[in-house]
Amino acid sequence: MTWWLSSIILFIPVFFSGLLVFNLRFTEKKLKLILSFSGAYILALVILHLLPELYEKQNFKSIGLFILCGFFVQLLLEFFSTGIEHGHAHFHGTTSKIPFAVFVGLFIHSMLEGMPITQNNSIEKAGGLINFSDSLVVGIVLHNIPISIAFTGMLLHAGFSRIKTTLYLIAFALMAPIGCMLTALLNQLNFSGFEDFLTISLAIVVGIFLHISTTIMFESSEKNHRYQLSKILAILSGTVVAWVLSGTA
């Protein structure tokens with residue numbers, strides 16, 4: 001998959017899923033099920049596909065440090081974004097002011113996710129039904145679709161017009177493609193540290209994914225701290241899909 005095709009795939013589903021909020025009502029329960037599926041998918045993707053890929057790189061002994069760095073980077077980003085990455089849109093009231101802190105945290109989060117996507121042959125390996133880079137694209141899309149729904153709903157609830165909301169939605173949907181394009185540009189410029197850059201950026205994204213997925217699946221907001229059957233099925237479904245696509249099935 002070329003970088004521009006990856007960018008298109010990263011953009012279109014995220015943008016149009018946000019537009020659905022204009023005409024469809026997504027209940028909190030429905031959004032949680034979508035989040036549970038996507039969270040389970042990216043957690044399984046990390047364990048089955050991304051971590052083994054990272055630890056195959058024998059010359060990078062500090063890879064675990066960068067994974068931890070990604071985990072804590074996400075903690076910092078959520079300080080600004082208020083946790084919208086896992087469906088918590090804590091932005092109340094009606095105001096015409098732009099929530100810059102939310103934008104900064106969410107947009108940086110999304111751009112970072114797109115940066116490990118590459119055509120480089122040393123990283124892109126055939127695995128299951130799709131290769132390494134393609135599976136990462138699928139994971140990011142599945143992760144960003146519920147975010148897009150929550151983000152659009154937050155803006156509409158806050159009193160933003162449909163035009164402004166659409167513009168902000170476009171900006172959000174472009175962040176992961178921009179990260180992908182930056183990596184493609186570095187590759188085209190024959191950046192001397194390109195391989196190390198890819199490894200570090202992937203490790204950071206793995207840390208981000210670990211934080212997001214575990215927060216989604218294991219947060220204690222369930223009634224009486226018990227999982228509903230629908231959420232269990234959503235988690236199992238996301239895990240199975242990642243298992244099949246990763247080639248370990």
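## Helix 4

In this predicted model, the buried residues of helix 4 are Val-102, Phe-103, Gly-105, Leu-106, Phe-107, His-109, Ser-110, Glu-113 and Gly-114. The helix itself covers residues 100-114, which makes 15 residues. From its first C-alpha to its last, helix 4 reaches 21 Å, close to the 21 Å expected at 1.5 Å a residue.

## The aromatic cluster

Two of the buried residues of helix 4, Phe-103 and Phe-107, also belong to a cluster of aromatic rings. Ring pairs link them with Phe-151, Phe-160, Tyr-168 and Phe-172. The structure as a whole holds 12 aromatic pairs. In the pair formed by Phe-160 and Tyr-168, the ring centres are 5.7 Å apart and the planes stand at 80°, so the pair is edge-to-face. Both Phe-160 and Tyr-168 are buried.

A pair of aromatic rings is described by two quantities, the distance of the centres and the angle of the planes. For Phe-160 and Tyr-168, the angle of 80° is over the limit of 60 degrees, and therefore the pair counts as edge-to-face.

## Helix 7

Helix 7 spans residues 194-218 and has 25 residues. The distance from its first C-alpha to its last is 36 Å, close to the 36 Å expected at 1.5 Å a residue. Is helix 7 mostly covered or mostly exposed, and how many of its residues are buried? Helix 7 is mostly covered, with 19 of its 25 residues buried.

## A nonpolar patch on the surface

On the surface, Trp-3, Trp-4, Leu-5, Ile-8, Ile-12, Phe-16 and Met-181 form a nonpolar patch. Together these residues have about 650 Å² of accessible area. Helix 1, residues 3-19, gives the most to the patch, with six residues.

Met-181 lies in helix 6, which runs over residues 162-188. Its relative accessibility is 38%, so Met-181 counts as partly exposed. This value falls between the 20% limit for buried residues and the 50% limit for exposed ones.

## The protein as a whole

The protein has eight helices and zero strands. Read along the sequence, its pattern is α-α-α-α-α-α-α-α. Of its 249 residues, 49% count as buried.

Among contacts between residues at least 6 apart in sequence, 82% join residues at least 24 apart. The protein exposes about 11800 Å², and carbon and sulfur atoms supply 69% of this area.

Conventions. Residues are numbered from 1 along each chain as its sequence is written. This is a predicted model: local features need pLDDT of at least 70, side-chain atom pairs count only at pLDDT 80 or more; totals for chains, interfaces and linings use all residues. Side-chain values use heavy atoms; hydrogens and water are left out. Helices (H or I, at least four residues) and strands (E, at least two) are DSSP runs, numbered from the N terminus. Buried means under 20% relative accessible area, exposed over 50%, partly exposed in between (1.4 Å probe, protein chains only). Contact means heavy atoms within 4.5 Å. Accessible areas come from the Shrake-Rupley method with a 1.4 Å probe; for residues, only the protein chains shown count as cover. Patches are made of residues with over 30% relative accessible area and no salt bridge: like charges are joined within 9 Å, nonpolar side chains (Val, Leu, Ile, Met, Phe, Trp, Tyr) within 5 Å. A salt bridge is a side-chain nitrogen of Lys or Arg within 4 Å of a carboxyl oxygen of Asp or Glu. The expected span of a helix is 1.5 Å times one less than its number of residues. Rings of Phe, Tyr and Trp (its six-membered ring) pair if their centres lie within 6.5 Å; planes under 30 degrees apart count as stacked, over 60 as edge-to-face and the rest as tilted.
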